[in-house]
Amino acid sequence: MPKKLLLLPPLSASSAFRVPRARSAPPPAMNAARTGYRVFSANSTAACTELAKRITERLGAELGKSVVYQETNGETRVEIKESVRGQDIFIIQTIPRDVNTAVMELLIMAYALKTSCARNIIGVIPYFPYSKQSKMRKRGSIVCKLLASMLAKAGLTHIITMDLHQKEIQGFFSFPVDNLRASPFLLQYIQEEIPNYRNAVIVAKSPDAAKRAQSYAERLRLGLAVIHGEAQCTELDMDDGRHSPPMVKNATVHPGLELPLMMAKEKPPITVVGDVGGRIAIIVDDIIDDVESFVAAAEILKERGAYKIYVMATHGILSAEAPRLIEESSVDEVVVTNTVPHEVQKLQCPKIKTVDISLILSEAIRRIHNGESMAYLFRNITVDD
């Protein structure tokens, strides 16, 4: 029996290309506005987590869920425990004594967030490591430039830091760098915590720190003193490669190319430019690491008649025997911020005091995420500050 064919009516031209209308709402576009931001802690130490918690409490946000730990073979492992797709991610990273481990934690977390499709990855690094290696030395390298390239390759798109050792370091990066200042918090500490601070004088322990000391003195309307002739070798006195290759005795020199012989530098006897007799001496700098120079400066100021001596700096690295040397010295108090973990050093030396700078870091995060101007955080700030 032949099969019957089912004939359908012919389609019109309009109905042939008609697309059925979807009943559900279309999915959001890939370039939709950002949905929010998250703050992560990239360090396994308690100090970094504490700073990150302070920042998130001020922002009214929760700390991002992640795990950072060291495997038995020494490798760093980072696990992100929540979705970060399309969000602004801020990574808080302080630098403890194990600098290289902290750098690897930051690089690996940034790369993990990059591969997880984060919208922007902003590193909040209050103390930028290797900042002292920002100039060419004899047969050396500019390690700070290398680290900047590594951070960009890992996926960072922005950095928030504080009081770079050399402001020119910002030129090493291929993305924006916000170099915040801790001086407003330290100035506030001087005004509120140092009795009779009007009888103080701001001291630069070397001519290199004179600009910073001058800024403090002008803002507090105080006098200025500079110590000159210290025995230690400063950065500017180190070999910078201009004498490479080394000079060879009895070397053959082409006639007419004899260069004038430079006289060797010789530091003068230690002198204090400025009156510190019967005053409170406040030594200011950006980093306190090896404290021998600060201790020596305190002894000199004590001999010149200063009856109380404070040391103030942004980054309190305080490595090696620094706590013991401070405790045994003429320094009455060392004031630093919490850009670098130093809880162990505080237990060893009660003279060390801490100023919290989480307020300015949290405000910088909020403004960057909302696309607001950062000018408010730099009001009345000059290049020399």
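Buried, for this talk, means under 20% relative accessible area, exposed means over 50%, and partly exposed is in between. With that cut-off, C48 counts as buried, because its relative accessibility is 0%. The model you see above is predicted, so please keep that in mind throughout.

C48 sits among the buried residues of helix α2, which are A47, C48, L51, A52, I55, T56 and L59. Why do several of those numbers lie three or four apart? An α-helix has 3.6 residues a turn, so residues three or four places apart point the same way. The buried residues of α2 pack against two strands, β1 (37–41) and β4 (88–92), and against two helices, α9 (343–348) and α10 (358–370). As for its length, α2 covers residues 46–59, and its 14 residues should span 20 Å at 1.5 Å a residue; the end C-alpha atoms are 20 Å apart, in agreement. After α2 comes G60, with a positive phi near 70°.

Staying with cysteines, C144 is also at 0% relative accessibility and therefore counts as buried. C117 is partly exposed, because its relative accessible area is 36%. C117 lies in the loop between α3 (99–115) and β5, and its phi is positive, near 70°, although the residue is not glycine. How many disulfides does the structure hold? Zero.

Another residue with a positive phi is Y130, at about 60°, and Y130 is not a glycine either. Y130 belongs to the loop between β5 and α4. With a relative accessible area of 27%, Y130 is partly exposed.

Next, strand β6. Five of the five residues of β6 are buried, so the strand is largely enclosed by the rest of the structure. In a regular strand the side chains alternate between the two faces of the sheet. In β6, one side carries H158, I160 and M162, the other carries I159 and T161, and all of these are buried.

Which strands pair with β6? One is β5 (residues 120–125), parallel to β6 and joined to it over four bridges. In that pairing, I122 is opposite H158 of β6. Between the two strands the chain passes through helix α4 (residues 143–154), and this β-α-β crossover is right-handed. The other partner I want to mention is β7, which runs parallel to β6 and is joined to it by four bridges. There, T161 has N179 of β7 as its bridge partner.

The loop from β6 (158–162) to β7 (177–180) contains H165. Is H165 buried or exposed? Its relative accessible area is 17%, so H165 is buried. The H165 side chain makes a polar contact with the side chain of D286, at 2.8 Å.

Last, helix α7, residues 292–303. From first C-alpha to last, its twelve residues reach 17 Å, close to the 16 Å expected at 1.5 Å a residue. Its buried residues are S293, F294, V295, A297, A298, I300 and L301. What do they pack against? The list is β8 (200–204), β9 (223–228), β10 (271–273), β11 (280–288), β12 (308–316) and helix α8 (322–327). Just after α7, G305 has a positive phi of about 110°.

To recap the two loop residues that are not glycine: C117 has a positive phi near 70°, and Y130 has one of about 60°. That is what I have for today.

Technical notes:
Residues numbered from 1 in each chain as written. Predicted model: local features only at pLDDT ≥ 70, side-chain atom pairs only at ≥ 80, totals over all residues. Heavy atoms only, no water. Expected span 1.5 Å × (residues − 1). Buried < 20%, exposed > 50% of the residue type's maximum accessible area, 1.4 Å probe, protein only. Contact = heavy atoms within 4.5 Å. Disulfide = S-S within 2.5 Å. Polar contact = N/O pair within 3.5 Å; in protein donor to acceptor, adjacent residues only side chain to side chain. Pairing = 2+ DSSP bridges. Right-handed = clockwise from strand over helix to strand, strands pointing away.
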